[in-house]
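Welcome, and thanks for taking a look at this one. Please have the chain open in your viewer while you read.

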Amino acid sequence: MKKNKITSLEYSTITFFLVNSFLMNVGFNILTSKSKTDSILDIILGGILILAFSFLVSNFQKKEKDSIITIINKKMPLFIKIMINVLLIIIIGYASIYTLTNTTNFIHYYILKEVSSIIIMITLILTVTYITYKGIATIGKTSEMFFYVYFLIFIVSAIGLIKYMDLSNLKPLFTTNIQKHITTSSNYFLSCIIPLFLLLGISPSQIEWENKNKHLPYLFTLLSILFTFITLILIISILGIKLANIYKFPDIIIYKKISFLNLLERIEVILAFNNLLNSIFFLIMGTYFLKEVLFQIGKKKKEHIILALIDIIFLLVGNFLVTNITFYLFLNLLFLWIVIFLVITYYLHKYILPS
């Protein structure tokens with residue numbers, strides 16, 4: 001593989017983790033609290049929309065020669081370019097800090113209670129910065145390697161939980177009104193708008209599309225949705241819908257039930273590693289996207305200076321930002337309209353009003 005390029009498989013595993021960022025940034029509770037057991041069905045409805053959006057993103061990557069950042073800065077009118085760049089920095093910056101804060105709190109509460117949050121946050125920032133600085137090729141290789149780890153952990157946890165399932169807890173179904181179905185499935189869909197958009201920060205020239213693997217991004221998106229669907233069934237069937245609504249991370253609660261011959265204690269800490277992977281790759285791609293935006297705005301300033309600036313902002317704002325799921329979902333909705341605006345403006349400028 002050529003330097004600073006990723007394969008179709010590596011691109012697809014990054015897609016997988018970005019779609020899975022729903023688990024940390026929004027979580028099952030936001031779904032089950034509205035649609036109860038019917039939230040299982042809403043995973044399917046929202047998943048169809050996610051697949052459609054994933055198709056648009058991957059199709060763009062296969063047809064265009066430049067990243068969305070380059071297109072904005074080279075082909076958009078000056079006013080629109082400034083407006084879009086500012087919005088991208090603010091929204092993706094907030095989303096990244098939101099993820100950073102959630103991940104820090106998760107690690108501090110469930111894994112390292114004796115370690116201060118600031119130490120955890122600094123460690124996360126430095127880890128993400130190092131991987132980002134190494135380039136997209138390293139990001140791709142890291143993503144593919146950890147996907148196999150993720151897959152193994154998921155299979156092991158699912159096998160360990162099967163004996164605790166009570167399928168009667170999945171009843172009743174089809175009791176939620178249409179409005180709640182729309183809200184719940186939309187929340188699941190919206191949670192993936194910003195994550196999937198981050199893929200457009202990768203220049204299409206950096207992706208090696210092998211003919212036999214061109215459909216992999218859709219398959220890995222579908223796999224992420226399937227894993228979410230299976231996990232929600234496990235949660236509701238084991239805990240029941242009332243308990244599932246109480247916990248912010250009900251998947252961690254059911255992991256506590258797993259034991260393997262009484263040899264491993266606190267197995268949920270090992271299984272929780274999957275949640276961290278989802279967040280870390282969101283942070284990596286968020287940092288990478290911001291770096292590329294600032295790199296072009298700053299007239300090709302040194303990369304390490306830009307990354308240091310991003311780190312400082314993350315650290316300072318991350319310690320004071322009050323995270324809010326509702327606002328995060330609103331930003332995803334706003335971002336969806338920005339994407340629609342960009343698509344219309346780009347194709348209007350390209351085909352109807354050529355320069």
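What follows goes from the overall build to the core and then to a few single residues.

**Overall build**

Please keep in mind that this is a predicted model. The protein is made of 17 helices and two strands. How does the radius of gyration fit a compact globule? For 355 residues, such a globule would have a value near 20 Å, and the protein has 20 Å, so the two agree. The C-alpha trace spans about 65 × 45 × 45 Å along its principal axes.

Of the 355 residues, 55% count as buried. Contacts reach far along the chain: among those with a separation of 6 or more, 86% join residues 24 or more positions apart. The exposed surface comes to about 16500 Å², and carbon and sulfur atoms supply 69% of that area. As for charge, the protein carries 30 positive and 16 negative charges, and the mean positions of the two sets are 6 Å apart.

**The nonpolar core**

The largest nonpolar core holds 111 residues. Which residues have the most contacts inside it? They are Phe 106, Phe 197, Ile 202, Phe 289 and Phe 335. Helix α6, covering residues 78-110, gives the most to this core, with 13 residues.

Phe 335 is a good place to zoom in. Setting aside residues up to four places away in sequence, Phe 335 touches Leu 88, Ile 91, Ile 92, Ile 193, Ile 194 and Phe 197. One of these partners, Phe 197, is itself listed among the residues with the most contacts inside the core.

**Two buried residues in helices**

Met 285 sits in helix α15, which runs over residues 273-297. Is Met 285 buried or exposed? Met 285 is buried, because its relative accessible area is 0%, and the cut-off for buried is under 20%. Beyond residues up to four places away in sequence, Met 285 touches Ile 14, Leu 18, Ile 139, Leu 198 and Ile 202. The C-alpha atom of Met 285 is also separated by 9.8 Å from that of Leu 196, a residue 89 places away along the chain.

Thr 231 belongs to helix α11, residues 216-239. With a relative accessible area of 11%, Thr 231 counts as buried too. Apart from neighbours within four places in sequence, Thr 231 is in contact with Phe 28, Phe 154 and Asp 251.

**Backbone features in the loops**

Some general background helps here: most residues other than glycine have a negative phi, and most peptide bonds are trans. Which peptide bond is cis? The bond from Lys 171 to Pro 172 is cis, with omega near -5 degrees. Pro 172 lies in the loop between α8 (136-161) and α9 (178-190).

Phe 174 is found in the loop between α8 and α9, and Lys 36 is placed in the loop between α3 (29-35) and α4 (39-63). Both have a positive phi without being glycine. Their angles and exposure are set out below.

| Residue | Phi | Relative accessible area | Class |
|---|---|---|---|
| Lys 36 | near 55 degrees | 37% | partly exposed |
| Phe 174 | about 60 degrees | 67% | exposed |

Why does Phe 174 count as exposed? Its relative accessible area is 67%, and the cut-off for exposed is over 50%. Lys 36, at 37%, is partly exposed because its value falls between the buried and exposed limits.

Conventions: Residues are numbered from 1 along each chain as its sequence is written. This is a predicted model: local features need pLDDT of at least 70, side-chain atom pairs count only at pLDDT 80 or more; totals for chains, interfaces and linings use all residues. Side-chain values use heavy atoms; hydrogens and water are left out. A nonpolar core is a set of buried Ala, Val, Leu, Ile, Met, Phe, Trp, Tyr and Cys residues joined through side-chain atoms within 4.5 Å. Buried means under 20% relative accessible area, exposed over 50%, partly exposed in between (1.4 Å probe, protein chains only). Helices (H or I, at least four residues) and strands (E, at least two) are DSSP runs, numbered from the N terminus. Contact means heavy atoms within 4.5 Å. The radius of gyration is taken over C-alpha atoms; the globule rule is 2.2 Å times the number of residues to the power 0.38. Accessible areas come from the Shrake-Rupley method with a 1.4 Å probe; for residues, only the protein chains shown count as cover. Lys and Arg count as positive and Asp and Glu as negative; His and the chain ends are not counted. The place of a charge is taken as NZ of Lys, CZ of Arg, CG of Asp or CD of Glu.
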